[in-house]
Amino acid sequence: MTSALSKQTLLFTTFSLALTRFSYCSIANANVNSSIPAIANYFGTKGRYEEINPYLINDILSVNKSLLKPGCTDCTAIHVTAIIRHGTRYPTTKNIKRMQRLYDLVLNDAMNTDKWLTEIKTKWEMWYTEDMDGKLVEKGRDDHRHLAVRLATFFPSLMSEENLRSHRIRFITSSKHRCVDSIVAFQEGLLNLWKVTEVGPSHEINDELMRFFDQCKKFVDDVENNKTALEEVHRFKASAEMKIVQMKMADQLQVPYNHITPDLVEAAFFLCSYEFAIKSLNSPWCNLFDETDAQVLEYKNDLKQYWKRGYGHDINRKSSCTLFHDLFNRLDKAAHEIRFGHVSEAVTIQVGHAETLLPLLALMGFFKDETPLTADNFDLQHGRTFRTSRIVPYAANLVFVLYDCSEGLRLQFLLNETPLKFPGINHQAPLYNTVRETYRELLHGCNFEKECEPSRPNRNCEL
């Protein structure tokens with residue numbers, strides 16, 4: 001039986017679509033003439049890095065060194081650790097299958113004769129194949145080549161050819177091919193910068209650090225393989241907000257409402273995002289959505305990341321304890337060695353996944369909204385700080401810079417090349433001891449083995 005809410009939603013949507021059809025089509029036609037989709041800022045983890053740093057669109061190697069001022073005089077950078085997400089990639093096999101189903105539906109059932117839809121049916125071809133399965137694309141290699149040059153421009157004394165040759169720059173990566181290919185591209189960026197033709201430096205594969213979530217049994221049991229762990233996501237997929245997006249898309253295609261499922265809506269959204277991220281195209285698929293639709297779909301994707309990688313379940317962030325301790329062990333080592341005038345490891349480059357960065361950020365208290373994200377509070381969360389579109393696009397990076405200053409060691413944190421204050425500390429580059437004190441409980445606790453022990457089922461013992 002249809003609920004009162006569903007009936008109300010259906011009546012409202014049918015009426016409002018009739019009123020807004022002409023204006024919506026005007027927006028769609030306008031988008032065709034723009035190289036950047038109007039909804040590009042809402043692609044979440046499928047977003048392009050340039051959308052959060054738009055100055056890179058005109059100059060991909062542009063940097064603003066003034067951002068790196070620690071706020072004190074007489075400071076020298078002595079160590080950098082960069083934790084970086086892989087570059088732009090192809091869709092996974094699961095999403096490619098969904099895209100194929102959507103494309104078949106459009107070819108066989110869509111009745112709309114608008115220009116953009118005719119273009120899909122007559123000119124656009126389904127070129128994604130299942131064997132692509134998340135592999136790095138050439139744009140993804142460029143993401144890391146260019147990032148390498150920009151970071152070397154930020155820190156020329158640390159990311160230098162001399163330090164590379166003397167093995168004072170260390171490279172660590174996840175075993176996934178898109179991460180390995182990204183770190184090789186990063187190394188290529190450095191070698192090209194210095195006009196070095198010899199084979200690039202080696203890298204270390206370490207899934208315990210860069211794919212810690214796979215190693216955490218409690219996370220795997222309680223979240224990854226637990227169907228109820230993402231209940232808020234499932235509820236939102238059935239919400240009135242999602243129903244409206246589905247019906248608007250069905251109206252755009254002129255197909256029955258029940259032909260458009262949440263999965264097909266997401267497939268269309270992904271087609272728009274992948275065509276843009278990979279090919280820099282404002283695809284005709286983007287015309288299926290306006291900004292309101294994109295905000296709903298972004299929230300759906302943020303809900304998934306929040307409950308699977310962020311603050312939704314405590315084990316999400318605790319699974320990153322190993323990476324957290326590894327980071328501070330490196331910083332502690334550099335802090336100790338600088339007393340003797342030489343830091344053995346000047347730079348550490350670590351490449352992983354969005355699933356690597358988000359838990360660590362949550363563990364350290366970044367982007368924690370006062371009100372948790374749920375299926376019921378979409379309208380209250382427009383100003384949320386947990387927006388993956390802004391936090392972890394392709395090639396997202398967390399950069400920790402340790403400075404030796406006249407008044408002591410200081411630590412600065414950069415998110416995607418922009419300084420960000422540590423939670424609870426009102427200084428752009430606080431004293432290192434202040435940062436350590438802020439995270440004292442985590443530094444003395446947060447034991448990976450203990451936190452990741454699988455939950456024990458309750459059993460009644462018989463005597």
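**Exercise 1.** Which residues in helix 15 meet which residues in helix 16? Determine also how the two helices are oriented.

*Solution.* The model is a predicted one.
Step 1: list the contact. Cys321, Leu323 and Phe324 of helix 15 meet Thr356, Leu360 and Leu363 of helix 16.
Step 2: classify these residues. The contact of helix 15 with helix 16 comprises five nonpolar residues, one polar and no charged.
Step 3: describe the geometry. The axes of helix 15 (residues 321-337) and helix 16 come within 9 Å and cross at roughly 75°. Since angles of 65 to 115 degrees count as roughly perpendicular, helix 15 is therefore roughly perpendicular to helix 16.

**Exercise 2.** Establish why helix 16 is described as largely enclosed by the rest of the structure.

*Solution.* Step 1: apply the cut-off, under 20% relative accessible area for a buried residue.
Step 2: identify the residues that qualify. They are Ala354, Thr356, Leu357, Leu358, Pro359, Leu360, Leu361, Ala362 and Leu363.
Step 3: conclude. Nine of the 10 residues of helix 16 (residues 354-363) are buried, so the rest of the structure largely encloses this helix.
Step 4: inspect what comes after the helix. Helix 16 is followed by Gly365, which has a positive phi, near 90°.

**Exercise 3.** Characterise the largest nonpolar core and the surroundings of Tyr128.

*Solution.* Step 1: the largest nonpolar core has 111 residues, and those with the most contacts inside it are Tyr128, Phe289, Phe328, Phe422 and Tyr439.
Step 2: helix 12 (residues 262-279) gives the most to this core, with 12 residues.
Step 3: leaving aside residues up to four places away in sequence, Tyr128 touches Pro91, Ile96, Met99, Leu271, Tyr274, Glu275 and Ile278.
Step 4: apart from this core lies another, of 32 residues, among them Cys179, Leu191, Val351 and Tyr403.

Conventions
Residues are numbered from 1 along each chain as its sequence is written. This is a predicted model: local features need pLDDT of at least 70, side-chain atom pairs count only at pLDDT 80 or more; totals for chains, interfaces and linings use all residues. Side-chain values use heavy atoms; hydrogens and water are left out. A nonpolar core is a set of buried Ala, Val, Leu, Ile, Met, Phe, Trp, Tyr and Cys residues joined through side-chain atoms within 4.5 Å. Buried means under 20% relative accessible area, exposed over 50%, partly exposed in between (1.4 Å probe, protein chains only). Helices (H or I, at least four residues) and strands (E, at least two) are DSSP runs, numbered from the N terminus. Contact means heavy atoms within 4.5 Å. Axes are lines fitted to C-alpha atoms, for helices over the stretch in contact, and angles run from 0 to 180 degrees between N-to-C directions. Angles under 35 degrees count as roughly parallel, over 145 as roughly antiparallel, 65 to 115 as roughly perpendicular and the rest as oblique. Ala, Val, Leu, Ile, Met, Phe, Trp, Tyr, Cys and Pro count as nonpolar, Asp, Glu, Lys and Arg as charged, and the others, Gly among them, as polar.
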